[in-house]
Amino acid sequence: SVVNFTTLLYTIKFEMLGCRKLARLSPPSLSRLLSHYKVAVVGSGPAGFYTTQELLKSTSSTFDVDIFEKSAAPFGLVRYGVAPDHPEVKNCISTFEEIASQPNVRFLGNVAVGYDLKVDELLQRYHVVVLAYGAGSDNSLGIPGENAPGCYPSSKFVGWFNGVPDCSSLDPDLSGENVAVIGHGNVALDCARILAAPIEHLER
């Protein structure tokens with residue numbers, strides 16, 4: 001018999017340890033009906049690749065996984081969001097490359113889900129759709145001057161010094177000696193450290 005799984009949607013939010021699952025299942029006895037699944041993973045950052053890795057570990061079912069990514073290259077923030085003076089953080093890329101090399105895994109870049117493809121279209125072609133993408137835009141602070149010349153959201157500035165194609169036109173003025181960084185999280189510290197680092201340090 002043919003089972004219609006087009007209403008099945010998994011949304012997985014990964015945390016540092018484990019994950020939380022918000023699921024809408026139809027029918028609930030999914031695991032007893034099929035042993036092979038076609039899965040679409042939207043997003044090729046750590047969440048997308050670790051999702052794929054866990055699926056490939058399954059001993060009760062087999063999976064064909066297509067990983068969709070709006071950028072041309074995979075790995076998300078591991079590729080484009082890590083400060084260049086912390087290359088050790090990118091070591092997990094070797095694991096992701098091994099996952100991507102499996103015969104039942106395909107990477108489909110330059111595909112923006114929501115624009116090039118709708119989620120409903122994916123649900124018609126896959127048993128499971130995993131939404132594992134990050135934030136697509138910055139939150140506005142809603143304060144006067146945040147759009148003034150020389151004021152940049154961290155995602156654009158980090159993207160610029162990491163060579164993200166979409167950020168190549170940013171062209172910040174680095175001739176001054178004083179910079180204000182709003183925030184004191186990891187990204188803020190990365191920005192401050194890169195700005196303060198001697199050129200010789202970055203060249204290494």
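In this predicted model, the lining of the second largest pocket is made up of 24 nonpolar, seven polar and four charged residues. Those residues number 35 in total, and Tyr-152, Phe-157, Val-179, Ala-180 and Val-181 are the ones that lie nearest the centre of the pocket. The space inside the second largest pocket comes to about 1,200 Å³.

Three helices, α5 (154-161), α6 (186-196) and α7 (199-203), each contribute at least two residues to this lining. Of the contributors, α6 has the largest share, supplying seven residues of the lining of the second largest pocket.

Two helix pairs can be set side by side, one of them formed by α5 and α6.

| Helix pair | Angle | Axis separation | Handedness of crossing |
|---|---|---|---|
| α1 and α3 | about 50 degrees | 10 Å | left-handed |
| α5 and α6 | roughly 45 degrees | within 11 Å | left-handed |

For the pair that also takes part in the pocket lining, the axes of α5 and α6 cross at roughly 45 degrees and come within 11 Å. Because angles of 35 to 65 degrees fall outside the parallel and perpendicular ranges, α5 is oblique to α6. The contact brings Ser-154, Phe-157, Val-158 and Phe-161 of α5 together with Val-187, Cys-191, Ile-194 and Leu-195 of α6. Sorted by class, the residues of this contact are seven nonpolar and one polar, with no charged residues. Phe-157 therefore appears in two settings, since this residue of α5 belongs to the contact with α6 and is also among the lining residues that lie nearest the centre of the second largest pocket.

The other pair joins helix α1 (residues 46-56) to helix α3 (residues 93-100), which pack at an angle of about 50 degrees with their axes 10 Å apart. That angle makes α1 oblique to α3. On the α1 side the contact involves Pro-46, Phe-49, Tyr-50, Thr-52, Gln-53 and Leu-56, and these residues meet Thr-95, Phe-96, Ile-99 and Ala-100 in α3. The residues of the contact of α1 with α3 comprise seven nonpolar and three polar, and no charged ones.

Notes:
Residues are numbered from 1 along each chain as its sequence is written. This is a predicted model: local features need pLDDT of at least 70, side-chain atom pairs count only at pLDDT 80 or more; totals for chains, interfaces and linings use all residues. Side-chain values use heavy atoms; hydrogens and water are left out. On a 1 Å grid over the protein atoms alone, a cavity is a set of points where a 1.4 Å probe fits but cannot get out, and a pocket is an open set with protein on both sides within 12 Å along at least five of seven lines; lining residues have an atom within 4 Å of a point. Grid points are joined across faces, edges and corners, and a volume is the space filled by probe spheres set on the points. Helices (H or I, at least four residues) and strands (E, at least two) are DSSP runs, numbered from the N terminus. Ala, Val, Leu, Ile, Met, Phe, Trp, Tyr, Cys and Pro count as nonpolar, Asp, Glu, Lys and Arg as charged, and the others, Gly among them, as polar. Axes are lines fitted to C-alpha atoms, for helices over the stretch in contact, and angles run from 0 to 180 degrees between N-to-C directions. Angles under 35 degrees count as roughly parallel, over 145 as roughly antiparallel, 65 to 115 as roughly perpendicular and the rest as oblique. A crossing is left-handed if the near helix is turned anticlockwise from the far one by less than a right angle, and right-handed if clockwise. Contact means heavy atoms within 4.5 Å.
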